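Could you walk me through this model in my viewer, one selection after another? I have it open and would like to know what to click on and what is there.

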Amino acid sequence: MAEKVVILGGGTGGTLIANRLRRVLRSSAEIVVIDPDNEHVYQPGLLFVPFGQAAPSSLTRPRHRQFRPGITFRQDAVDRVDPDKNEVLLAGGASVAYDVLVIATGARLVPEETDGLTGPGWMEKVFTFYTLDGAAALRQALARFDGGRLAVAVMDMPIKCPVAPLEFCFLADSYFRERGIRDKVDLTYVTPLDGAFTKPVASRELSRLLKDKGVSLVTEFNTGEVDGSGGRLVSFDGREVPFDLAVVVPLHGGQAYVERSPGLGDELGFVPTDQRTLQSKARPNVFVIGDATDIPTSKAGSVAHFEGEVVARNIARYLAGEPLDAAFDGHTNCFIESGAGKALLIDFNYDTEPLTGHFPSQIGLPLLRQSRLNHLGKLAFSWLYWHVLLPGREIPAVHSRMPAAGKRFSAAAPR
Ligand SMILES: Cc1cc2nc3c(=O)[nH]c(=O)nc-3n(C[C@H](O)[C@H](O)[C@H](O)COP(=O)(O)OP(=O)(O)OC[C@H]3O[C@@H](n4cnc5c(N)ncnc54)[C@H](O)[C@@H]3O)c2cc1C
């Protein structure tokens, strides 16, 4: 009998794994993708909306159009998974049986879990650019902002694309310079981390960049309350950061259905996953891709792309009764917009932190250094996303396994 693979979520990971599996599995295999809506958002583009560099309408495309022929798209929300019965229950009341399940439902923003965040001032002087509506509303607010204290704050980790709020600071610096009011804006970056970023070399380089651009850095700030009307971020240990305009990255969790599915998720709603094979820890016939996993790497589209190769191979092996390939090394690759038409690039994995040097070899894009070439790479990523990543194709010279050639390993030593 034909195997049935059911994919929950038709975003970055769900789309690219459906398209890869369509090529890898026998044509008789049935592939079904379930997602509640038919609008695929190119999330990296959200960063540019507040600065008028991208129109919200340019970031979305019909979801069903991103799938290869022979993939069924079912528009409904997952209400719960019953791993004992190999069955998915949908909000519309139907149930869908599977031989293999792929969880690709990403991360959920939970702003309501921070005291005061969605209270007075929300979407008036407290915004997020992590949603399409939020990014569009922030565009208006920034255009009206003529000076004062702008705080960019991460509520807590993990978040999608951990460099995005830093990029926001760099672009805000450029934006206010272009408007001729930079000297009237007090820009502050507020993070729960002990530095600008997680790993020492990247943290050092990015802290330096914040300093160069006149952005104050407040570290180890775990926001307990956002007082929108009073204009204050208050940490659990009683410190305060005042603001006239706040741009926040809300808390993230897994999707609510994960908590309703016995044994599937952890306390945050993420799905415990083997970090090398990408098989779930709940059941051997359940695989996980993208932001829904609990693996210790960035929640980024590039990661979902690199994972896709391993997940597709391991599903084919699982169906053939062969041992899985423990091949995923945590490879992550992110462009970091730094303003004025430049960007940095970081490339790392579970074992190697982001280092200086070049990518993907000695000749290539500069790592952790601002360059025009990297900015062009960031802009090209949008085209690659729709035409290479989502269709499940390979990017020339860029592989699932992180390249070591070109990296300056001695850079890890403190300067
Ligand atoms: C502002 C911003 C900037 C970013 N910049 C970058 C960048 O520069 N580079 C980069 O690599 N990454 C970037 N990312 C991160 C990237 O977009 C995500 O990591 C990536 O989309 C994750 O893919 P995913 O498939 O796991 O989740 P998503 O693409 O979010 O897809 C999840 C899907 O699950 C569906 N779903 C949710 N609940 C249910 C349910 N109950 N039933 C069925 N379906 C459900 C959703 O509708 C959605 O379609 C950025 C993200 C943001 C927010």
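Start by selecting Phe51: in this predicted model, Phe51 has 6% relative accessibility and so counts as buried, the cut-off being under 20%. Now add Phe168, which is buried as well, with a relative accessible area of 0%. The ring centres of Phe51 and Phe168 lie 4.9 Å apart and their planes meet at 45°, so this pair is tilted. The two rings bring together distant parts of the chain: Phe51 sits in the loop between strand 3 and strand 4, Phe168 belongs to helix 3 (residues 164–178), and 117 residues separate them.

Keep both selected and widen the view. Phe51 and Phe168 belong to one aromatic cluster, together with Phe129, Tyr130, Phe145, Tyr175 and Phe176. Across the whole structure, a search finds 13 aromatic pairs.

For another of these pairs, select Tyr42 and Trp386. Their ring centres are 6.4 Å apart with the planes at 45°, so this pair is tilted. Here too distant parts of the chain are linked: Tyr42 lies in the loop between strand 3 (39–41) and strand 4 (60–62), Trp386 lies in helix 7 (residues 372–389), and the separation is 344 residues. Are these two residues buried or exposed? Tyr42 is buried, at a relative accessible area of 5%, and Trp386 counts as buried at 6%.

Stay on helix 7 and pick His387, which is also placed there. With 32% relative accessibility, His387 counts as partly exposed. Which residues does His387 touch, leaving out those up to four places away in sequence? They are Arg61 and Arg393. Then draw a distance from the C-alpha of His387 to that of Gln66: the viewer should give 9.3 Å, although the two are 321 residues apart in sequence.

Next, look at the backbone. Go to the loop between strand 12 (148–154) and helix 3, where Pro158 lies. The peptide bond joining Met157 and Pro158 is cis, with omega at about 0°. The loop between strand 12 and helix 3 also holds Cys161. Cys161 is not a glycine, yet its phi is positive, about 40°. Its relative accessibility is 24%, so Cys161 counts as partly exposed.

A second cis peptide bond runs from Phe359 to Pro360, with omega near 5°. To find Pro360, select the loop between strand 23 (357–359) and strand 24 (365–367).

One more positive phi is found at Ala340, where the angle is near 50° in a residue other than glycine. Ala340 is placed in the loop between strand 21 (332–339) and strand 22 (342–348). Its relative accessible area is 66%, so Ala340 is exposed.

Finally, zoom out to the whole protein. You will be looking at 7 helices and 24 strands. The C-alpha atoms fill a box of roughly 70 × 50 × 40 Å along the principal axes. The radius of gyration is 21 Å, which agrees with the value near 22 Å for a compact globule of 415 residues. Of those 415 residues, 57% count as buried.

Try colouring by contacts: among those between residues at least 6 apart in sequence, 68% join residues at least 24 apart. Then show the accessible surface, about 16700 Å², of which carbon and sulfur atoms make up 50%. Last, colour by charge: the mean positions of the 45 positive and 48 negative charges are 7 Å apart.

Technical notes. Residues numbered from 1 in each chain as written. Predicted model: local features only at pLDDT ≥ 70, side-chain atom pairs only at ≥ 80, totals over all residues. Heavy atoms only, no water. Helix = DSSP H or I, 4+ residues; strand = E, 2+ residues; numbered from the N terminus. Rg over C-alpha atoms; globule rule 2.2 N^0.38 Å. Buried < 20%, exposed > 50% of the residue type's maximum accessible area, 1.4 Å probe, protein only. Contact = heavy atoms within 4.5 Å. Areas by Shrake-Rupley, 256 points an atom, 1.4 Å probe, with all protein chains shown as cover. Lys, Arg positive; Asp, Glu negative; His and termini not counted. Charge placed at Lys NZ, Arg CZ, Asp CG, Glu CD. Phe/Tyr/Trp six-rings, centres within 6.5 Å; stacked < 30°, edge-to-face > 60°.
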